[in-house]
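Visitor: Could you take me through one part of this model closely, and then set that part in the context of the rest of the chain?

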Amino acid sequence: MFPIEEIRQQFPALSRHYNGKQVVYLDGPGGSQVVESVIDAMVSYMSKGGANLHGEFPTSKETEMHFENARKAIADLVGAKPNEVAFGQNSTSLMFSISRSLSKTWTSQDNIVVTEIDHRANVDSWSTAAQDSDTEIRYIPVNTETLTLDLSQLHQLIDENTKLVAVSLASNVIGTIVDVTAIVKRAREVGALIAVDAVHAVPHFFIDRDQIDVDILLCSAYKFFGPHIGIAVIKEDVFKHIPVYKVKPAPSYFPDKLETGTQNHEAISSIEAVVNFIASLGIGSNRRERIHNAFQIIEEHENNLACKFRHELASIPEVTLYQAPDHVTKTPTIAFTINGVKSNDFCKWFAEKHAIFIASGDFYASTLADKLGINETGGWIRAGFAPYNTENETDRLIQAIKNYVASNIKKEIKS
Ligand SMILES: Cc1ncc(COP(=O)(O)O)c(C=O)c1O
């Protein structure tokens, strides 16, 4: 049995009420709620006395210990080594920083490959750096029927002059889990680096960085029950050689060299608690094993809710669902539109009437949105399930959509 009540008790925000109703949080892909032990860790760091690094006094040593523990925890979360983990403002800023550094060696003979399914953070960070060095930018197209990447031209797209391939592990809008196997294989054949955007993936499934065999992996703790902080995991061999932009006196060794300026110490001090929360949901003889097991349990719970929701949505004629075919694995993130309804109006009504917090827009997956013509109608409505969501909340959501369609759309058609 999934320990839903035990989990919910650990998220203080879940007790919030709005307009007399208990809030339902369904914008996990935009940012999850934060677990209490994480909040406690941040408060504890600040109330016990914070400090900067490299001091010969207890609070400074404690701060360094928090960095160490945070790196260890993220290494366990994604299957990497602690010294391959760097922190930063958010994933987007880290991507910009890494791309700017890597592109110093790119030339006009080279190319980079990005995709049409990605959040623009994993497109524009690389493509702006490429533009600065006159490097060609190529796109792996998305098939608008299947909502998966079209890999039929992969061998031509990724060639001997490709320096880097940037691809998402999962779409933050339609939930498609991208099978990167063929992309990684081709990139390896030609010696290109591989950067994966795991921002939407890490909260939903077990990641084994070495098994997927990627050089650069980005994620953000605020998507998996933690604070707003970005995380870059870079393979030692690659990290060593990245000529980062940094101030002269700052460390030139990795991972510290990527951590420009003073980091968000209170957030970093809570990272161990974030990962320990996930691990606490599983069993195993060490943290990595517990995380592995926890994701099996989380996936089962989230997929049950998502399946029910997808099934019910598909039965409403006025709703258009944007999802890959059944055989394609997906995160519990569902995008849809309602005929003739402006998505933001719907979300506002949902919040005011039902205290259901659900988001609309293109969610920065704007290439995909443009290709599907979604921007013309105010974007998608996106529901994303998290481990703390319940069947009862899913039912509330389904019923509210049915009521909305019945009372608003039918009324409009009559009048
Ligand atoms: C898939 C994906 N990539 C990248 C980002 C950007 O992350 P950050 O806000 O940490 O810059 C997001 C944020 O929503 C995202 O969903």
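**A close look at helix α4**

Guide: This is a predicted model, and the part I would choose is α4, the helix that runs over residues 91–102. With 12 residues, α4 reaches 16 Å from its first C-alpha to its last, which is close to the 16 Å expected at 1.5 Å a residue.

Ser91, Thr92, Leu94, Met95, Ser97, Ile98, Ser99 and Leu102 are the buried residues of α4. These buried residues pack against a set of elements drawn from several stretches of the sequence, namely β4 (85–88), α5, β9 (162–168), β11 (216–220) and β12 (230–234).

Two of the residues just named return at the ligand, since Ser91 and Thr92 come nearest to the ligand together with Asn90, Asn172 and Ser220, out of the 13 residues around it. The helix α4 supplies at least two residues of the shell around the ligand, and α5 (121–132) does likewise. By class, the residues of that shell divide into 10 polar, two nonpolar and one charged.

In the domain assignment of the protein chain, domain 2 covers 81–260, whereas domain 1 is made up of 4–35 and 296–404. The centres of the two domains, taken over C-alpha atoms, are separated by 27 Å, and the contact between them takes 31 residues from domain 1 and 30 residues from domain 2. On the side of domain 1 that touches domain 2, the elements giving two or more residues are α12 (287–314), β14 (333–338), α14 (366–372) and β17 (380–384), with α14 providing the largest share, five residues. That side of domain 1 has 16 nonpolar, 10 polar and five charged residues.

Stepping back to the protein chain, one counts 15 helices and 17 strands, and the radius of gyration of 22 Å is close to the 22 Å that the globule rule gives for 415 residues, so the chain is as compact as a globular protein of that length. Its C-alpha atoms fill a box of roughly 70 × 55 × 35 Å along the principal axes, and 47% of the 415 residues count as buried. Among contacts between residues at least 6 apart in sequence, 70% join residues at least 24 apart.

Technical notes
Residues are numbered from 1 along each chain as its sequence is written. This is a predicted model: local features need pLDDT of at least 70, side-chain atom pairs count only at pLDDT 80 or more; totals for chains, interfaces and linings use all residues. Helices (H or I, at least four residues) and strands (E, at least two) are DSSP runs, numbered from the N terminus. The radius of gyration is taken over C-alpha atoms; the globule rule is 2.2 Å times the number of residues to the power 0.38. A residue is buried if 20 or more other C-beta atoms lie within 10 Å of its own, exposed if 12 or fewer, and partly exposed in between; C-beta atoms are placed from the backbone. Two residues are in contact if their C-beta atoms, placed from the backbone, lie within 7 Å. A residue is near a molecule or strand if its C-beta atom, placed from the backbone, lies within 6 Å of it. Ala, Val, Leu, Ile, Met, Phe, Trp, Tyr, Cys and Pro count as nonpolar, Asp, Glu, Lys and Arg as charged, and the others, Gly among them, as polar. The expected span of a helix is 1.5 Å times one less than its number of residues. Domain bounds come from an automatic or database domain assignment.
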